[in-house]
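Here's a quick tour of some side-chain contacts, written for someone who likes to see distances and angles. Have the structure open while you read.

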Amino acid sequence: MGRAAMRRPLQPALLLVLAAAVAVVVVRAEPQVPCYFVFGDSLVDNGNNNDIASLARANYPPYGIDFPGGATGRFSNGLTTVDAISRLLGFDDYIPAYAGASNDQLLTGVNFASAAAGIRDETGQQLGQRISFGGQLQNYQAAVQQLVGILGDEDSAASHLSRCIFTVGMGSNDYLNNYFMPAVYSTSQQYTPEQYADALAAQYTQQLRTLYSFGARKVALMGVGQVGCSPNELAQRSPDGATCAAEINGAIDIFNRRLVALVDQFNALPGAHFTYINAYGIFEDILRAPGSHGMGTLYTSLSILALQESTRTELCLDLCAGLTVTNRGCCGVGRNNGQVTCLPFQTPCANRNEYLFWDAFHPTEAANILVGRRAYSAALPSDVHPVDLRTLAQL
């Protein structure tokens, strides 16, 4: 073929085919659900505590050292579990904090979580102001009324909300900042662990009925993780700095079993699709086989689901690193870096992708992504009951 033939212009039909192919690559799919609403505590708070009189705040460096927006109020070096979930669900932007959200953002969901919050109203009171789950539900009800105004009527709002994902992660502080803090709270004198789990589950049930009555239908309950393995509890209770506090984990395990039963109870309601995410079991896997949960696997899983390039780069500075450090915080003070949490402008560890915990209580971005990934797409049947978030979105 001669040079002149090689320079011939492309035929119009071929140009159309190429344009269509480019469009397929460039155009991003719609999110799998129209909106995502988040309730919880410091594990997922992304700024709601920033402007209240609380000691439970993370709007200062080095928090957010690996997050594009810096110290936003997230209790991590980077992404939280719900940030990872929002990406996996196909949202272009992270779900914003309710405290600073606009009316338009209510349509795609907001984050009501507040550090130090619990199911019980008194939980976390020694840390100052916080928005308990009851308070978060009040904020949600106000948001629903705004949605009614935006969408025109209650039926339209109800239809919209019925297709949204809701994640609720409560209970951790009811143990950490209540039951196992006998100098401040009397609950451990009033209740056995079984009785306390029953009391929490009963109150939680009523609160979740409020959520259901205001339109929530696809609801994932995040189980409480192994609080007894956090650097803070290891620093206080572990004889060797590595053995988890069995008393705490045992009490939490009782509560988590109540959550499984609660999910089954709610799924008997009309239109309800509730599920349980076994965060306790997922963390148990990590602790059982540290180093086998590397960022390379996480990177592959998330990149398939089209995370932004900048986020992928931050998540994967070291593709071969594994979560090998499981008993100390990356940033903190004292034994296990867990006696005092991460201080303002403190220099954290450099190998953050190898740490399970970022500070005395909270996981690193690497751990959060792992939990978010398994919540979205279960790696084991025991990760969820009865379905993962990917399946929940399709129901």
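Let's start with a cation over a ring: Arg209 lies over the face of Phe266, at 5.6 Å from the ring centre. There's another case at Tyr212, where the charged end of Arg217 sits over the ring, 3.8 Å from its centre. Keep in mind that this is a predicted model, so every value here is computed from predicted coordinates.

Now the rings themselves. Searching the whole structure turns up 24 aromatic pairs. One of them joins Tyr60 and Tyr63, edge-to-face, with 5.3 Å centre to centre and 90° between the planes. Tyr60 has 18% relative accessibility, and it counts as buried because the cut-off is under 20%. Tyr63 is buried too, with a relative accessible area of 3%.

Tyr175 and Tyr196 make another edge-to-face pair, again with 5.3 Å centre to centre and 90° between the planes. Tyr175 belongs to helix α7 (residues 172-179) and Tyr196 to helix α9 (residues 193-213), so this contact ties together parts that are 21 residues apart in sequence. Both Tyr175 and Tyr196 are buried.

On to the sulfurs. A disulfide is a covalent bond between the sulfur atoms of two cysteines. The count here comes to four disulfides, and these three are among them:

| Pair | S-S distance | Angle about the S-S bond |
|---|---|---|
| Cys35 and Cys164 | 1.7 Å | not listed |
| Cys229 and Cys244 | 2.1 Å | 115°, right-handed |
| Cys331 and Cys342 | 2.0 Å | 65°, right-handed |

What does the Cys35 and Cys164 pair link? It links distant parts of the chain, 129 residues apart: Cys35 is in the loop between α2 (12-26) and β1 (36-39), and Cys164 is in the loop between α6 (154-162) and β2 (165-168). Both of these cysteines, Cys35 and Cys164, are buried.

For the link of Cys229 and Cys244, the partners are 15 residues apart, with Cys229 in the loop between β3 (218-222) and α10 (231-237) and Cys244 in the loop between α10 and α11 (246-266). Cys229 is buried at 2% relative accessible area, whereas Cys244 is partly exposed at 26%.

Cys331 and Cys342 are both in the loop between β5 (325-329) and β6 (355-357), so their bond ties together parts that are 11 residues apart in sequence. Cys331 is buried, as is Cys342.

How does the pairing run if you number the bonded cysteines of the chain in sequence order? It goes 1-2, 3-4, 5-8, 6-7.

Notes. Residues numbered from 1 in each chain as written. Predicted model: local features only at pLDDT ≥ 70, side-chain atom pairs only at ≥ 80, totals over all residues. Heavy atoms only, no water. Phe/Tyr/Trp six-rings, centres within 6.5 Å; stacked < 30°, edge-to-face > 60°. Buried < 20%, exposed > 50% of the residue type's maximum accessible area, 1.4 Å probe, protein only. Helix = DSSP H or I, 4+ residues; strand = E, 2+ residues; numbered from the N terminus. Lys NZ or Arg CZ within 6 Å of the ring centre and 35° of its normal. Disulfide = S-S within 2.5 Å.
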